[in-house]
Amino acid sequence: MERRTMLGVGLGTVVAGIVVDPGDAAAHGREPRAIGATVLTRVTPVGYKVTGLAVKYDGVVRGGIDASEFEVTVTLTRPDAAPQTGGRTIVDAYPNDAPEFAKRGRPGRYVILELDEDDALAAGAYNQTFTRFYDLAGAYQVRQGNDTVTNAGVRNAIVDDYAAATFGETLPYRLFTPEVRRGRRYPLVVTLHGFGESGTDNFAQIAGNQISVAFADPARQERHPAFVLSPQAPQGIPGIGGWWRSDVRAAVLELVRTTLAKNRAIDPHRVYLTGLSMGSYGSWALLPEHKALFAGALLVCGAGSETAAVDTLGDFPIWAVHSADDAVVAYDAPGSDYRIFKALEAAGHPVTWSEWAGTAPERAQEAYAVDACRRAAKSGSKHIFTTFPAGTTPLFSHGSWIPTYPNDAILDWLFAQRTP
């Protein structure tokens with residue numbers, strides 16, 4: 001075995017120049033050896049990605065890790081294509097006492113390898129009409145000197161913190177619960193995913209994009225601790241299945257009411273609805289008859305009934321976002337978010353219009369959103385509409401949710417809404 005000079009261990013016996021923890025029987029008398037690995041994933045703005053590996057050792061590892069002494073390769077397999085094999089780029093390496101990322105490394109039995117999320121083979125999911133996920137167990141290998149280990153497990157940041165269940169017999173859902181303090185009540189965010197995340201895996205609706213995890217993210221929870229409820233619609237034909245089905249929407253409403261009844265820590269005056277694409281269609285269909293259940297909504301690249309919105313939602317807080325060149329749900333199509341807001345304005349309900357590039361730096365986009373909030377407050381507008389100009393939506397023209405959910409100012413606006 002090659003000497004790993006970058007691995008140090010706790011104060012104790014010196015063996016061949018390496019300090020070994022005297023209480024670490026597995027490593028006593030020799031250098032610690034890698035005995036396994038766990039893939040670490042994160043739901044990024046552009047999707048579910050493998051962003052790291054936790055390599056486990058049979059001894060305690062301390063500082064001085066040299067990332068160049070590791071090599072990471074991956075083989076991704078899917079039923080409809082040949083396997084893809086290649087290397088991953090290591091951007092940082094440090095010891096830790098748990099198989100997770102850390103701002104500062106700590107002595108422990110793990111070496112954390114942070115990987116470049118822009119690598120060609122970083123994705124943990126792919127699109128086949130519906131979002132599909134690679135089987136990541138056993139997909140990654142880590143080589144260090146003459147030793148090679150293959151990952152057995154997968155840890156999904158934030159996603160693994162949700163409880164999974166099924167409401168009735170047909171509605172899978174996930175529920176994120178914040179750290180609840182006695183005597184306090186917390187908001188509930190209800191998320192309606194897009195068409196691609198439909199199914200029965202009870203995973204895609206929280207791992208396919210950030211519609212749900214943006215609210216469960218630790219930084220967001222510090223700012224606004226909240227419950228997050230994310231049901232999953234069944235697969236179906238666009239315009240007919242999924243959230244377009246009235247019975248599925250009825251099940252969602254019953255799930256929300258049941259969740260409120262079972263969790264007395266939820267504030268019924270701060271229940272929020274957000275939907276993207278098909279989920280926006282479902283939201284526009286739910287709100288006219290059930291707006292009293294919700295305090296506000298964030299709707300992205302969808303459509304609904306202009307007449308129903310004008311008749312019932314003139315005083316209901318809604319922030320809608322849509323790309324001007326959306327190739328899936330046309331920006332100016334009958335019933336689009338844009339057309340609904342134009343109809344609301346024509347009916348005498350003030351709308352705050354805003355526009356910025358979805359590819360602008362995050363801080364700049366937040367500044368634009370803050371400005372929109374200030375103008376809305378000044379005018380007394382309950383409605384804010386944001387346009388991403390043609391060619392400025394990341395990844396593809398329909399993906400206007402990509403820059404929306406990381407925008408703290410937009411989410412702050414949503415949490416500021418409450419029913420009387």
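**Notes on a predicted chain, starting at Gly348**

1. Let's start at a turn-off point: helix H7 leads on to Gly348, a residue with a positive phi, near 100°. (Helices are DSSP runs of H or I with at least four residues, strands are DSSP runs of E with at least two, and both are numbered from the N terminus.) Before you go further, keep in mind that this is a predicted model, in which local features need pLDDT of at least 70 and side-chain atom pairs count only at pLDDT 80 or more, while totals for chains, interfaces and linings use all residues. Residues are numbered from 1 along each chain as its sequence is written, and side-chain values use heavy atoms, with hydrogens and water left out.

2. Back to H7 itself, which covers residues 337-346. Which of its residues are buried? They are Asp337, Tyr338, Ile340, Phe341, Ala343 and Leu344. (Buried means under 20% relative accessible area, exposed over 50%, and partly exposed in between, with a 1.4 Å probe and protein chains only.) Those buried residues pack against two other helices, H5 (278-290) and H6 (306-312). They also pack against four strands: S18 (296-300), S19 (318-323), S20 (351-355) and S21 (383-388).

3. Tyr338 and Phe341 of H7 turn up again in one aromatic cluster, together with Trp284, Tyr331, Trp353 and Phe385. (Rings of Phe, Tyr and Trp, the last by its six-membered ring, pair if their centres lie within 6.5 Å; planes under 30 degrees apart count as stacked, over 60 as edge-to-face and the rest as tilted.)

4. Now zoom out. The chain has 10 helices and 21 strands. Its radius of gyration is 24 Å, close to the 22 Å that the globule rule gives for 420 residues, so the chain is as compact as a globular protein of that length. (The radius is taken over C-alpha atoms, and the rule is 2.2 Å times the number of residues to the power 0.38.) Along the principal axes, the C-alpha atoms fill a box of roughly 80 × 50 × 45 Å.

5. How much of the chain is buried? Of the 420 residues, 54% are. The accessible surface comes to about 18,000 Å², and carbon and sulfur atoms hold 50% of that (Shrake-Rupley method, 1.4 Å probe). Sequence-distant parts meet a lot here: among contacts with a separation of 6 or more, 68% are between residues 24 or more positions apart (contact means heavy atoms within 4.5 Å).

6. A quick look at charge: there are 39 positive and 45 negative side chains, and the centres of the two sets lie 6 Å apart. (Lys and Arg count as positive, Asp and Glu as negative; His and the chain ends are not counted. Each charge is placed at NZ of Lys, CZ of Arg, CG of Asp or CD of Glu.)

7. Aromatic pairs next, and the count is 21. One of them is Phe130 with Phe195, a tilted pair at 5.0 Å centre to centre and 35° between the planes. Phe130 sits in strand S10 (residues 130-133) and Phe195 in the loop between strand S15 (186-192) and helix H1 (204-207), so this pair ties together parts that are 65 residues apart in sequence. Both Phe130 and Phe195 are buried.

8. Tyr272 and Phe415 make an edge-to-face pair, at 5.5 Å centre to centre with 80° between the planes. Here the pair ties together parts 143 residues apart in sequence, because Tyr272 lies in strand S17 (residues 266-276) and Phe415 in helix H10 (residues 408-415). Tyr272 and Phe415 are buried too.

9. Most residues other than glycine have a negative phi. Asn202 has a positive one, near 55°, and lies in the loop between S15 and H1. Cys301 has a positive phi as well, near 45°, and belongs to the loop between S18 and H6. Both are buried: Asn202 has a relative accessible area of 10% and Cys301 has 0%.

10. Two strand residues to finish. Val74, in strand S5 (residues 70-78), is buried at 1% relative accessible area. Beyond four places in sequence, its contacts include Gln84, Leu121 and Tyr140. Ile112, in strand S8 (residues 108-115), is buried at 0%. Its touching partners beyond four places include Leu40, Leu53, Tyr94 and Phe101. Ile112 and Ala309 are 51 Å apart, C-alpha to C-alpha, with their positions 197 residues apart in sequence.
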